[in-house]
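User: I would like a close look at a single part of this structure, the ligand site, explained slowly enough for a first-year student. Please connect the details with one another as you go.

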Amino acid sequence: MQLALENKRRRNSIHPMKLALWMSLASISMMFAGLLSAYIVRQAAGNWFEFTLPNLFLVSTGIIILSSITLHRSLVAFRNKKESSYKILLVTSFILGVLFIVCQYQGWMAMQAAGIDIKGNPSGSFAYVISGLHVAHVLGGLAAMVVALIHAFKLDFRVTPLRINRLELTSHYWHYVDALWVVLFLFLTYYR
Amino acid sequence: MADSVDTTLYKKEDALIEELGYDDHFHEHHHGDKYQASFITKYIFSQDHKIIAKQFLITGMIWAIIGAAMSVIFRMQLGFPEESLTWIKPLLGKWIVVDANGVGTLDPEFYYALVTMHGTILVFFVLTAGLSGTFSNLLIPLQVGARDMASPFLNMLSYWFFFLAGIIMFISLFLNTGPFSGGWVAYPPLSALPEASSGSKAGMTMWTMSLVFFVVSVLLGGINYITTVLNLRTKGMSMWRLPLTIWAFLVTAILGLLSFPVLVAAFFLLMFDRGIGTSFYLSEIYIGGQALDHVGGSPILYQHLFWFLGHPEVYIIILPAMGLVSEVLSVQSRKPIFGYRAMVLSILAIGFLSFLVWAHHMFMSGVNPFISNIFVVFTLIIAVPSAVKVFNWISTLYRGNVRLNTPALFAIGFVSMFISGGLTGIFLGNSALDIQLHDTYFVVAHFHIVMGVAAFFGMFAGIYHWFPKLYGRFMDETMGKIHFWGTMIGAYVIFWPMHYLGMVGVPRRYYSFDAYQAFSDFDEMNMFITVGAIITFGLQLVFVINFFYSIWKGKKQTVRNPWGATSLEWTTPIRPGHGNWPGKIPSVHRWAYDYGKDGKEFIPQITPLAEGEEPSDH
Ligand code: HEM
Ligand SMILES: [Cu+2]
């Protein structure tokens, strides 16, 4: 890790760690693209049970978008050396992230209650698996936020390029899982 | 140091590096000491790319021996089905069934397990991790002029995930129900239903786990390789000055990054079908007269997802070999690589097209014939950049002062294999011909020659060529030549006859042909192939002995740049330490292929253009 940070801006203006992050995001996108194309191919084959996603998923979509906004504000506050709003917004984003997962879980329960079983028609199985894998990635984002929180509350407040970069990496990832969910949500809603 | 010969040349080079090089104050930081302090951090959990390269190489070699030994055992079954195999009972235990007369036969279930493990091990552990893991690690930092990978830590993790994947697969070999036995492609329903066969039980679970860890290793490695190539090139090293090896590793890593996640998606759905009881891939199946409750899935879905990785995967295997061969051919024939830009563009074209041809593995799966036609077209188009590369390799050799040493021989052997196997690909790529050829030994012949043997030859060329860089010594030339000629002849002896078997329709993946009178005509041919395989396997031991003997006893490397190559790895000390260059990082002033220019035999990349000299890279 150290080397990467020391070698920074040797050749390109983009930081190697950021490049590495974006490549992982490309890779995650390919995984979901694989799942969505399997969904499309399977749906075209018929015997496909149509259902509407519970409204809870709309709520969770709102929550995760909100958390992206607060995390972005937190980063801006950090850059501007506003300690308290940086910390408050970071904590808020984390709580919203947890809420998102709770909401997804409630959404699955509602699907279950509506008689859509993971073992039933593949249309339902796909919805569970795709949203479930997405939640797994959100958990990764929450883990990164835990690290960010530890940095925020354990280290002395100092705005250094290294720490800006770390926070940027966390927030880029978070915006990605946010955008990914919006895409998945729209897909599952309109491509039934 | 040992650089006593030609010291003036190397003194001049060092002066150049000091004068023009890039000072990153690397050696003032002492981070080397931090993570190379003890034996464990230096040799086991090392973060030095050169050590990690050796770890990949030696792990890959161990797997190659295991995987190849498996093929010898199942070839014995195919070549000599009547012969008693009691003598390997100590090794295989209950998988050899001994009858009342003391005649031991291989358990058919285990035959499938062997074939499956052979494919999985060779494709993933040897030709992916062993080949690109080794050489990307060794050469990327050295040839682009970097101290190490962008993230040495993730690089170390990449190796250890590979190691973990290997351990899991290895343990699965000893399961009571046997390792997975449904073929390296793991098609459902065999792979999705634990009750389908004994290998589909715990064996398949461990197979999937192992491969998921393997993918993590590939992704961590790939992200690092790409970042290093794009971000950590030294001053003056523009993309168009990169050696072809680096281009090949870069595109390989990109292919891996974009295709392996799709395989993981396929595996996730498979795991849900196995573990939870979903029906992504399963529909209306009867086992033992009993209908299962899975309805509504489609096994073809898995095939699409698998081959979307599967086809790029074969290029993930062959591209690094192509890169190594291009470099070795140019250095050893003392000529610039012919058509450098065409070479780069064809690597890019192959990489791009490899995502558009996956369904050529599924012509016979009942996909719509009109859709097949599209895939026929793209498949045949891929032959064009492949042919460009072949043409350029041959033109590089043409009228060169080729040093016919072992690395050069293996590189030339690679070209031969790639031509032979590529031509049969064009037969298979026609969906109409594929009706006859699919799932026969013709396919086995095709991919072993074009991928298996060719990639091995690329790897051997690389090992013999860069052995001095790895260990500061040379491998033995006599043993090397025996190894080359034996393997070259052996490979054709084994795989050439398989084309004939395939053309008359002998199917692959059969334990025995005694139920088909028509195929008994081929008993002698099968024996011939098996004998060839045993001898060729034996010859690989010459390589293994040579390798380990030379690490400790090989001829010492006395000069820093023994092949007279231009690229940066040969400007480091004979045994480069942590950070690769003792002082500044060299800067680069020309492309990597200035051989025979202006009456000079070669001009290293660190040499500035002479007064009035035209750069060769326009
Ligand atoms: C000239 C270009 C090539 C063409 C047109 C081509 C075409 C094909 C086709 C149509 C098949 C499917 C045959 C069947 O299952 O019926 C096939 C199988 C295969 N090819 Fe190629 N190929 C080409 C080059 C390569 C290269 C360069 C590699 C590897 C480096 C490769 C590796 C494989 C493998 C591994 C399989 C078999 C997989 C399996 O079923 O287990 N091919 N090829
Ligand atoms: Cu293919």
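Analyst: A polar contact is a pair of N or O atoms within 3.5 Å; within protein, one of the two must be able to donate a hydrogen and the other to accept it, and residues adjacent in sequence count only if both atoms belong to side chains. The model is predicted, so local features need pLDDT of at least 70 and side-chain atom pairs pLDDT 80 or more, while totals for chains, interfaces and linings use all residues, and side-chain values rest on heavy atoms, without hydrogens or water. Residues are numbered from 1 along each chain as its sequence is written, with chains lettered from A and ligands numbered from 1 in the order of writing.

Ligand 1 is surrounded by 23 residues, and the closest are Trp184(B), Asp434(B), His438(B), His446(B) and Arg508(B); a residue is near a molecule or strand if one of its heavy atoms lies within 4 Å of it. Two of these side chains point polar atoms at oxygen atoms of the ligand: an N or O atom of His438(B) is 2.6 Å from one, and for Trp184(B) the distance is 2.9 Å. His446(B), in turn, has a polar side-chain atom 2.9 Å from a nitrogen atom of ligand 1. Helix 10 (299–332), helix 12 (369–397), helix 13 (406–428) and helix 15 (441–471) of chain B are the elements that each give two or more residues to this shell, where helices (H or I, at least four residues) and strands (E, at least two) are DSSP runs numbered from the N terminus.

The shell around ligand 1 divides into 13 nonpolar, eight polar and two charged residues. Here Ala, Val, Leu, Ile, Met, Phe, Trp, Tyr, Cys and Pro count as nonpolar, Asp, Glu, Lys and Arg as charged, and the others, Gly among them, as polar.

A second ligand belongs to this picture, since the copper ion (ligand 2) and the iron atom of ligand 1 are 4.6 Å apart. Its protein donors are ND1 of His311(B), NE2 of His360(B) and NE2 of His361(B), at 1.8 to 2.1 Å from the copper ion; donors are N, O and S atoms within 2.8 Å of the metal (3.2 Å for Na, K and Ca), and sites may look incomplete because water is not among the atoms. Along the sequence these donor residues follow the spacing H-x48-H-H. Because His311(B) lies in helix 10 and His361(B) in the loop between helix 11 (340–353) and helix 12 of chain B, the pair ties together parts that are 50 residues apart in sequence.

The two histidines of that pair can also be described by their accessibility, for which buried means under 20% relative accessible area, exposed over 50% and partly exposed in between (1.4 Å probe, protein chains only). His311(B) counts as buried at 6%, whereas His361(B), at 23%, is partly exposed.

One further detail belongs to the stretch that links helix 10 and helix 11 of chain B, for Arg334(B) lies in the loop between them. Most residues other than glycine have a negative phi, but Arg334(B), which is not a glycine, has a positive phi of about 55°. With a relative accessible area of 8%, Arg334(B) is buried.
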